[in-house]
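The exercises that follow ask you to read a protein model step by step, with a worked solution after each task. Please look over the sequence and the structure before you begin.

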Amino acid sequence: MTSTAPADLRPDPPNPDGAADLAGFGYRQELHRSLGRYASFAAGFSFISVLTTVFQFFAFGYAFGGPVFFWTWPAVLVGQLLVAACFAELAARYPISGAIYQWSSRLSNATFGWFAGWIMVIGQIVVVAAAALALQMVLPALWSGFQLVGTDTAPTSPDGAANAAVLGVVLLVLTTIVNMIDNRVMSTINRVGVTAEIIGAVLIVVLLFTHSERSPGITFHTEGAAQGGLLGALLVGSFTAAYVMIGFDSAGEMSEETHNPRRTAPRTILTALGAAGLLGGLVVLGGVLAAPSLTDGRLATDGLSYVLTSSLGDGVGRVLLADVVVAIAVATLAIQTAASRMLFSMARDGQLPFAARLSRVHPRTGMPAAPALVVGVLSAALLLLNFASPDAFLAIGTTCIVMLYLAYAMVTGPLLVRRLRGSFVADGTDEVGAPLFSLGRWGVPVNVLALLYGVLMTVNLAWPRAAVYDPAGGHWYFQWFTVLFLGATVVAGAAFRLYRRGTAASTAVPEAAVHEPAV
């Protein structure tokens, strides 16, 4: 049920297939259903964006783990596949925008679900900013003219940090415009970008492996491992894989815009993560094998950009870097879209400030323009931290990972409770009459491992390691930035909930109507 007054209701979009199903959850079909299976896959794959995040965080992972950090990749992939399997079940049963918020609310209660959605959407906004910062890892290497501020291109330098913020703001202006135009335009750009990214990633893998300088056995070497020995190095090195393999739930976020979402979304959640995990692992391995040197320090500072231009030649390297730029732009667009849908879903239930405006969908474009603008402005504001200190680059990147991991655990936790109580409905059929995706008897063990993995990774990522977050010393707030930011997010959310209690009777949709379990 929408939170708008009857006079504000917009006409249904053309060909509203799935409208009856959505009405069963109490919502009108306002977003336009124009996404097919590949577009749904692209939504998840572009959020993960192998080329964006691997190029952004490869140097960090190698700096702390050395060649052996490669093995954190398959470990994180297995853990995230467990989470994705649980999400696939939920996507089949609750095909609604604002997936994490909706799933957690319906599995637990409205308050707990609200905090899951609140943490998730703030985390997504931070991810948008972090993705936009990735341009600094590629554009100056592609052409020196993109270094608009100073001369030092390293993202951890004052010049590089400031330039990253400038490039990021420009990108956010463009993605915000696209996210306000039309969902068909957004989807087309997303599909083309994902196709280019997959082709580029495959070419990079082939070229890196054909230009290998060493054998895969090098990944068992522990030289260069730092941070409290091998285990500590691997825990920090896992940040690279952890940052890459998030956002696979985006197919669920786009359910109200997808044809046959009960059938499509579960499969695209798993295939997007599986494809990204496979390609990303091969890119990481290829980078280690093809690097001209593992000891000259450049792999730990310049990362894969250095490998491409040095090993593959300047011409080929620049062409591939251009493809990475496309991947970064599309990733930023997709993440902003997912965050916009989360804002829209929560506002539609009257759960956010300015809910009436944020829940408005343009009848012609099928886009909630206000949420896209809010996400763009807030993400651009976060980029100003990069002007304050280059250490903000890592603080922003890690904070967003922690918040998404925590939000994921706020879904897998209640889901496990429901399973153990025997109240999770695992049957039903999709739009073509086939059984809904289900883990069957593997549901409980997969769910247990998914929750355990999520909690442990959240603690690992948020742990205030001084050598990681404040290597130069003197900036204690960067060492504790993730914990402080998360705490501030929870406090701000609690303050809003307390304020809202006084006006809930006149503005909120009854919880029973919003969160009545379906199927």
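## Exercise 1: Valine 78

Valine 78 is exposed, with a relative accessible area of 51%. This and every other value below refers to a predicted model.

Task: state in which helix valine 78 is found, and decide why valine 78 counts as exposed.

Solution. Begin with the position along the chain, where valine 78 is found in helix 4. Next take the relative accessible area of valine 78, which is 51%, and set it beside the cut-off for exposed residues, which is over 50%. Valine 78 therefore counts as exposed. As a last step, follow the chain to valine 319, which is 241 residues apart from valine 78 in sequence, and note that the two C-alpha atoms are separated by 32 Å.

## Exercise 2: The chain as a whole

Task: determine how many helices and strands the chain has, and work out whether its radius of gyration agrees or disagrees with that of a compact globule.

Solution. The secondary structure comes first, and it consists of 24 helices and zero strands. For the overall dimensions, the C-alpha atoms fill a box of roughly 65 × 50 × 45 Å along the principal axes. A compact globule of 519 residues would have a radius of gyration near 24 Å, and because the chain has 22 Å, the value agrees with that expectation.

The next step turns to burial and contacts. Of the 519 residues, 59% are buried, and among contacts between residues at least 6 apart in sequence, 81% join residues at least 24 apart. The accessible surface comes to about 18,400 Å², with 69% of it belonging to carbon and sulfur atoms. Finally, the chain carries 27 positive and 28 negative charges, whose mean positions are 8 Å apart.

## Exercise 3: Three serines

Task: for serine 97, serine 40 and serine 49, give the location of each residue in the secondary structure, and then settle whether serine 97 is buried or exposed.

Solution. Serine 97 lies in the loop that runs between helix 4 (72-93) and helix 5 (99-107). With a relative accessible area of 0%, serine 97 is buried, and beyond its neighbours within four places in sequence it is in contact with Leu31, Gln102, Gly252, Glu253, Glu256, Arg341, Ser345 and Arg348.

Serine 40, by contrast in location, lies in helix 2. Serine 40 is also buried, at a relative accessible area of 0%, and residues up to four places away aside, it touches Ala251, Thr258, Thr264, Ala265 and Thr268.

Serine 49 sits in the loop between helix 2 (37-48) and helix 3 (50-65). Its relative accessibility is 1%, so serine 49 counts as buried. Serine 49 also has a positive phi of about 45°, although it is not a glycine.

## Exercise 4: Phenylalanine 354 and arginine 191

Task: find out which loop holds phenylalanine 354, and decide how arginine 191 is classed by its relative accessibility.

Solution. Phenylalanine 354 is placed in the loop between helix 14 (314-348) and helix 15 (355-358). Its phi is positive, at about 55°, although phenylalanine 354 is not a glycine. The relative accessible area is 72%, and phenylalanine 354 is therefore exposed. Its C-alpha atom is separated by 20 Å from that of alanine 381, which is 27 residues apart along the chain.

Arginine 191 belongs to helix 9 (residues 183-210). Because its relative accessibility is 30%, arginine 191 counts as partly exposed. Leaving aside neighbours within four places in sequence, arginine 191 is in contact with Tyr38, Ala39 and Ala42. Between arginine 191 and glycine 66, which are 125 residues apart in sequence, the C-alpha to C-alpha distance is 35 Å.

## Exercise 5: Confidence along the chain

Task: name the element with the lowest mean pLDDT and the element with the highest, and locate a stretch where pLDDT stays under 50.

Solution. Start from the average, since the chain has a mean pLDDT of 88 and 91% of its residues score at least 70. Among the elements, helix 24 (residues 511-514) has the lowest mean pLDDT, 43, whereas helix 4 has the highest, 97. Over residues 507-519 the pLDDT is below 50, and this stretch has 28 contacts in the model beyond near neighbours in sequence. Residues 1-16 also stay under 50, and for them the model has 38 contacts beyond four places in sequence.

Key. Residues are numbered from 1 along each chain as its sequence is written. This is a predicted model: local features need pLDDT of at least 70, side-chain atom pairs count only at pLDDT 80 or more; totals for chains, interfaces and linings use all residues. Side-chain values use heavy atoms; hydrogens and water are left out. Helices (H or I, at least four residues) and strands (E, at least two) are DSSP runs, numbered from the N terminus. The radius of gyration is taken over C-alpha atoms; the globule rule is 2.2 Å times the number of residues to the power 0.38. Buried means under 20% relative accessible area, exposed over 50%, partly exposed in between (1.4 Å probe, protein chains only). Contact means heavy atoms within 4.5 Å. Accessible areas come from the Shrake-Rupley method with a 1.4 Å probe; for residues, only the protein chains shown count as cover. Lys and Arg count as positive and Asp and Glu as negative; His and the chain ends are not counted. The place of a charge is taken as NZ of Lys, CZ of Arg, CG of Asp or CD of Glu. pLDDT is the predictor's confidence in each residue, from 0 to 100.
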